[in-house]
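Student: Got a minute to walk me through this one? I'd like to go over a few local spots before I set anything up.

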Amino acid sequence: MGRAGFVAGNWKMHGSLARNQELLEAVVSGTRSLQNVSCAVCVPYPYIVQAQSVLEGSHVAWGGQNVSQYHHGAYTGEVSADMLTDLGCRYVIVGHSERRILFGEENRVVAEKFRAAQECSITPILCVGETLAQRESGEAEQVIATQLDAVIDLAGIETLRHSVIAYEPVWAIGTGKTATPQQAQDVHEFIRSRIAVHNSRIAGDIQILYGGSVKADNARELFAMPDIDGGLIGGASLVAEEFISICLAAQN
Ligand code: PGA
């Protein structure tokens, strides 16, 4: 497998100018010697400029946590992909389960956001994943397939060439309950096979991250699985040493 590792931090709605400065500087210096793994932090909108000023020229890319499906216009409170491009964002998270569940983002809107990011040459990190109830009733694969298909149908399979997928079981996010490496591997393999139906080359190349209570002490065993290429990290991305250790664990 020639896929490089990738670790992205999702700060969610956390941070302050002073705290971010310390965290960003520590992450830059701690990831200086990384090889064959990329890393990024997805920060709240107001702090993107700060991330850009600290991270420019470093090994660490930056991005947003959400994006509008529209490019410009009378959409009070929204931020477009064009604006993220303007601020040097390389990535944006789309379809995080907190957006889907708490803010009612449906598959169609997530697919439109994915497409908007692509149109501005930003790499979308597309989150998919099932709730506990869906897993327990045996619907996990169907839910994930529907989430993926919505994007493939709207944006086209070719757009997956320049995207990243994050499998994040909702029951593992912020709960301290990580999927076992085998549970995650099974879903990652399923995602790859679903993409392979359209294009086996893209399926083999696409980075699929695992997210949900990844910490320094469980990252290595998760990333050792053949179809897990790195992680999308929430809580642990707010602690420099934790985040750096997770990035190191993704080196192959
Ligand atoms: P967590 O969050 O690492 O805090 O579980 C992951 C995410 O929501 O992306």
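**Around aspartate 229**

Tutor: Sure, and keep in mind that this is a predicted model. Aspartate 229 touches Arg3, Ala4, Gly5, Phe6, Arg192, Ile206, Gln207, Ile208 and Leu209, leaving aside residues up to four places away in sequence.

Student: Where does aspartate 229 sit in the fold?

Tutor: Aspartate 229 is in the loop between helix H10 (216–223) and strand E8 (230–233).

Student: Buried or exposed, that aspartate 229?

Tutor: Buried, because its relative accessibility is 9%, and the cut-off for buried is under 20%.

Student: Which side chain does aspartate 229 have a polar contact with?

Tutor: That of arginine 192, at 2.8 Å. Arginine 192 also has a side-chain polar contact of 2.6 Å with aspartate 227.

Student: OK, what about aspartate 227, where is that?

Tutor: Aspartate 227 is also in the loop between H10 and E8, and it counts as buried because its relative accessibility is 9%. Beyond four places in sequence, aspartate 227 touches Arg3, Gln185, His188, Glu189, Arg192 and Ile208.

Student: Switching to the ligand. How many residues surround it?

Tutor: 13 residues do, and the closest are Lys12, His96, Glu168, Gly174 and Ser213.

Student: What are the polar distances like for glutamate 168 and glycine 174?

Tutor: For glutamate 168, a side-chain N or O atom is 2.6 Å from an oxygen atom of the ligand. For glycine 174, a polar backbone atom is 2.7 Å from a ligand oxygen. Asparagine 10 has a polar side-chain atom 3.5 Å from an oxygen atom of the ligand.

Student: And how much of the ligand's accessible area does the protein cover?

Tutor: 97% of the 290 Å² that the ligand has on its own.

Student: You listed Ser213 among the closest residues. What is its phi?

Tutor: Phi of serine 213 is near 60°, which is a positive value in a residue other than glycine. Serine 213 is in the loop between strand E7 (207–211) and H10. It counts as buried because its relative accessibility is 10%.

Student: Where does asparagine 36 sit, and what is its phi?

Tutor: Asparagine 36 has a positive phi near 60° and isn't a glycine. Asparagine 36 is in the loop between helix H1 (17–30) and strand E2 (37–42).

Student: Why does asparagine 36 count as partly exposed?

Tutor: Because its relative accessibility is 46%, and partly exposed runs between 20% and 50%.

Student: Helices next. How many residues are in H7, and how far does it reach?

Tutor: H7 (residues 140–155) has 16 residues and reaches 23 Å from first C-alpha to last, close to the 22 Å expected at 1.5 Å a residue.

Student: Which residues of H7 are buried?

Tutor: Ala140, Val143, Ile144, Ala145, Gln147, Leu148, Asp149, Ala150, Val151, Ile152 and Ala155. They pack against helices H4 (97–102), H5 (107–119), H6 (132–136) and H8 (181–196), plus strands E5 (123–128) and E6 (164–167).

Student: What happens just after H7?

Tutor: Glycine 156 takes a positive phi of about 95° there.

Student: And H5, how far does that one reach?

Tutor: H5 has 13 residues and reaches 18 Å from its first C-alpha to its last, close to the 18 Å expected at 1.5 Å a residue. Its buried residues are Val110, Ala111, Glu112, Lys113, Phe114, Ala116, Ala117 and Gln118. Those pack against helix H3 (81–86), strand E4 (91–94), H4, E5 and H7. Just after H5, serine 121 takes a positive phi of about 60°.

Student: Last topic, cysteines. How many disulfides are there?

Tutor: The count is 0.

Student: Why is there no bond from cysteine 39 to cysteine 247?

Tutor: Because their sulfurs are 4.2 Å apart, too far for a bond, and cysteine 247 holds the closest cysteine sulfur to that of cysteine 39. The cut-off for a disulfide is within 2.5 Å. Cysteine 89 is in no disulfide either, and its nearest cysteine sulfur, that of cysteine 42, is 8.1 Å away.

Student: Are cysteine 39 and cysteine 89 buried or exposed?

Tutor: Cysteine 39 counts as buried because its relative accessibility is 1%. Cysteine 89 counts as buried because its value is 6%.

Definitions and conventions:
Residues numbered from 1 in each chain as written. Predicted model: local features only at pLDDT ≥ 70, side-chain atom pairs only at ≥ 80, totals over all residues. Heavy atoms only, no water. Buried < 20%, exposed > 50% of the residue type's maximum accessible area, 1.4 Å probe, protein only. Helix = DSSP H or I, 4+ residues; strand = E, 2+ residues; numbered from the N terminus. Expected span 1.5 Å × (residues − 1). Contact = heavy atoms within 4.5 Å. Near = heavy atom within 4 Å. Polar contact = N/O pair within 3.5 Å; in protein donor to acceptor, adjacent residues only side chain to side chain. Areas by Shrake-Rupley, 256 points an atom, 1.4 Å probe, with all protein chains shown as cover.
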